[in-house]
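The exercises below are meant to be worked with the sequence and the coordinates open side by side. Each task is followed by a solution that proceeds step by step.

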Amino acid sequence: MYYVLDLVWFSFRIITNFEYCEGEFLPVNALLESASEDNQNLNSARSLGMLIRDVWEGKVKKVSKGDNGAGYLNLRKRSFNELHKNNDIIRELTDKTVEDIRLLCADRPNWTIDSSLLAKKSIVLMHPLNPDRSEAVAIDGHRLTMEINLNMGRAPIMTISTCGREVSFSDIRGVDMAEVTLRTIDEAICILENASTCIGQAISPDDEYQFLKLEVAGSNVVTITSENLETHKRLVSTLCLLFRFRCKSCKHCAYTAKLHQNRCIKRKATSASTNCFPHKKCNIRFLDQMGLEEKISMQKKNLKKEFIRECRTNETEKIELVDEDHLDLMEIVRITDPADVPSNLKLLWEQQMKQLSVKSSNGHRWDPRIIRFVLDVYCKNPKALDAMREFLVLPSNRLIRYYKNSVSQDEGWNEEVISWCQKEAKRRNLRPEEYWGGLIMDEMKIQEDLQMTVKGGKHQLTGMVSLGGFYDAMKKIESQGDTKISIATHLLQFVFLSDGGFRFPIAHFPTAQCPATVLYMKFWEGVLQLRRAGFIIYFALCDGGDANRQFFKMHFSNCHPCDLHFVGYNMMTEDPMVFLMDCKHNFKKLRNNVEKSSAHGTSRCLTLNGKNIFWSHWKEAYTWDQSSNSCHFHEKLKEDHFMLTPSSRMRNGLAEDVLDKKMLLLMKAYNDHLKKNDSENASRLDETITFLTHTSAMVELFSDKHTIFHVKDNRIIKLQGALQYFSNWKSRVSSPKEFLSAKTWFDMQSMILGFISMVKSKLARFPGSCIKPAIVNQDVVENHFCQLRGANGQNDNPTYQMVQGTQNSVIFGQTTISKKCNTGTTKSDSFAGLPKEKLFSRR
């Protein structure tokens, strides 16, 4: 039975002020006066009687004696001397203090003092256990004793202990012994003499399950030995208070017993028998040693049964041939000429025989071609190798990742990536003229996010703008020393593109829309790095962004770029450096200018020789073709070509379809139709047809996979005619609205003049070489961006960490020679080679 805190405290006060003495009589008023002195409000003498009954366990009885009134038999008030009342704080164990403590123990029966630890500023008061108050003599073989430990270290403290376990008095509810004095020592002796040891809760035999641990979390199972030498098990909390007052166990052991009881109820609900093996869902941390051994034994039996079942299945799936067919197949294999076996297939057989003969799993050694094959499959789909391993012995995924990440894709111009590009070019046996090429530049939108990466066992933040020391220094000067970290919003990608079709993603930078000045520095830094690796950069290609136009103009400080045909000076090689805009973006800009052209309410009203070029002409021709002809002149035209959305405006095909030769053919047919039916309105399409004549020539040239061998090529002449057409048009307009926008006109000149200059420069340096117009665009870098998004689960907004981690996967998973290249079709070994074949070599 538990009382509230003040009654518990008062019960300890009764123990320390009164003592059991057979035959003595103590009036009730004496006890009530003691309660009043301690400011305790007892509702009645009945409450007092209950306290006394619980403290002395019924040995003290309430009686009435004539004139003395009601009182308690066998109880008397303790007599105190000066030692008992001494309340001076003990801070060190002097000889006098030890002698005083020894005198205190002498007043109490069976208490002894152990001063062997006096040198360590500690002393122990010992008392054999009261057999009337304990049902145990020993716990786990240790004799039970009461001990009071006085430790006079930095902070003097008094604790109780038994069987090697120790508890502070402050953990016992109702006991206030914060200071060590002779009075508190005397009170502790009184309390322990009237207390019982806590030996936990008894465990019922029904709760003992085979193979299962008895203890719950925060408990131990101990063996109790009684006076008659009988033993039984009890559950004790690891936080046991060691002693109990007027209850079966301390509060911690009672809580542990409640947890054990709840777990037993759950076990009975899930197991039909207490002696059977535990339920299959039983957590292994609840099993004892026998249970774990039994579980391992059952697992081995199940694995053996599964192996036998699998062997039987394999035997039933095998095909047994008749003797004649078996001999025929063996003969076919025997007479096969090894020269007819493909080299890669022969290598695969040899590697499988070699790996199967290896005794240790750590002894596998792989040919670089096998590593490259599994690396290609892994970059496309890591799960595909799991199915292949059922039939072949292949390198582990961990080894594949080692090779995939052998080159670190750090931001900036990375020497390892450039060396990889150089090695791949040599493996491809590129001709000298194929080491000439250009840098294709473009930016991709990425997610603004800071993430933590681990490299070499060290953590670092990624996702911040990183454009080199020059950019950081300029930002510091611009902000007058108040530098702030910017999170990257775009990825600037550089791709090397050779005229022979060789392509390689060479560098990338996390940026926040790179300015022209920084682009200038990074471009020429890349030209220098590639020149050292043996590559010559003679052209730069990018889209029509404002920063890119400023980047072009920075190379022509004294004149307009058109005056020099967009040919600058290569300060590294003293060769020409051509700057040209991407044709695909220019075709979309031409379409957008025409789309905005109308008589009223738009920013453009394209006019030449008094006649307009309106977007409505295209819509009218398309409507007529769809409604009047069963076999359409332009079968590719759909509603998507005219009902443009923000996403469809970015599609190159939709722009080229309304500017190509088929559109010109449709416009001419529609013009003939108008002449037959309405001769007055037929002439309004004349300038539109002339416009399409030149745009179709440009679309045809930059989509042509046939090479250009000479500067007098007919396609070059048509391209020059298209430039002359737009130049004459610009000179005749009276208002800027009647011509293309200024940005579009600048990009058109850069595209046409830059391409012609590029052809002249390359053929002048390498006579007999060729240029394929179909690869002179940003398709290689746009394709690279698409693969980066696809490698991250078709993520349209990947983080920089995701993009950085998949750069190598894209390089390994794509061909390094474009199918549109000048060297013909790709070979069977068209994938990028290993940058490091001997990854774990000691050399």
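**Exercise 1.** In this predicted model, find how strands β8 and β9 pair, and place them in their sheet.

*Solution.* Begin with the pair itself: β8, residues 145-151, and β9, residues 157-162, run antiparallel to each other and are joined over 5 bridges. One point of register can be read from E147, whose bridge partner in β9 is S161. Next, widen the view to the open sheet, in which 5 strands follow the order β4-β5-β8-β9-β10 with antiparallel pairing. The strands at the edges are β4 (112-114) and β10 (165-168), and each has a single partner strand, so one side of each remains without a neighbour in the sheet. From one strand to the next, the twist averages 25°. Finally, look for what packs on the sheet: helix α6, residues 182-193, touches β5 (122-128), β8 and β9, and its direction makes about 160° with that of β8.

**Exercise 2.** Describe the largest pocket by its volume, its lining and the elements that supply the lining.

*Solution.* The space in the largest pocket comes to about 870 Å³. Its lining consists of 32 residues, and those that lie nearest the centre are D442, E443, D543, H585 and E782. Sorting the lining by residue class gives 13 charged, 10 polar and 9 nonpolar residues. Turning to secondary structure, at least two lining residues come from each of β16 (436-445), β19 (490-498), α17 (546-553), α18 (583-595) and α26 (779-791). Of these, α26 gives the most, with 6 residues.

**Exercise 3.** Helix α17 holds both D546 and R549; determine how D546 and R549 interact.

*Solution.* Consider the spacing first: D546 and R549 are 3 residues apart in α17, about one turn of the helix. Then take the closest N and O atoms, which are 2.8 Å apart; D546 and R549 form a salt bridge, where the cut-off is 4 Å. Over the whole structure, the search finds 21 salt bridges.

**Exercise 4.** How many cavities of 30 Å³ or more does the structure hold, and which residues line the largest?

*Solution.* The search of the whole structure yields 1 cavity at that threshold, and the volume of the largest cavity is about 40 Å³. Its lining is made up of V495, R503, F504, P505, V780, N783, H784 and Q814, which divide into 4 nonpolar, 3 polar and 1 charged. Strand β20 (503-511) and helix α26 each supply at least two of the lining residues; α26 also contributes to the lining of the largest pocket.

Note on methods: Residues numbered from 1 in each chain as written. Predicted model: local features only at pLDDT ≥ 70, side-chain atom pairs only at ≥ 80, totals over all residues. Heavy atoms only, no water. 1 Å grid on protein atoms, 1.4 Å probe; cavity = no way out; pocket = protein on both sides within 12 Å on 5 of 7 lines; lining within 4 Å. Points joined across faces, edges and corners; volume = space filled by probe spheres on them. Helix = DSSP H or I, 4+ residues; strand = E, 2+ residues; numbered from the N terminus. Nonpolar A, V, L, I, M, F, W, Y, C, P; charged D, E, K, R; others polar. Pairing = 2+ DSSP bridges. Axes fitted to C-alpha atoms, helices over the stretch in contact; angles between N-to-C directions. Contact = heavy atoms within 4.5 Å. Salt bridge = Lys/Arg side-chain N within 4 Å of Asp/Glu carboxyl O.
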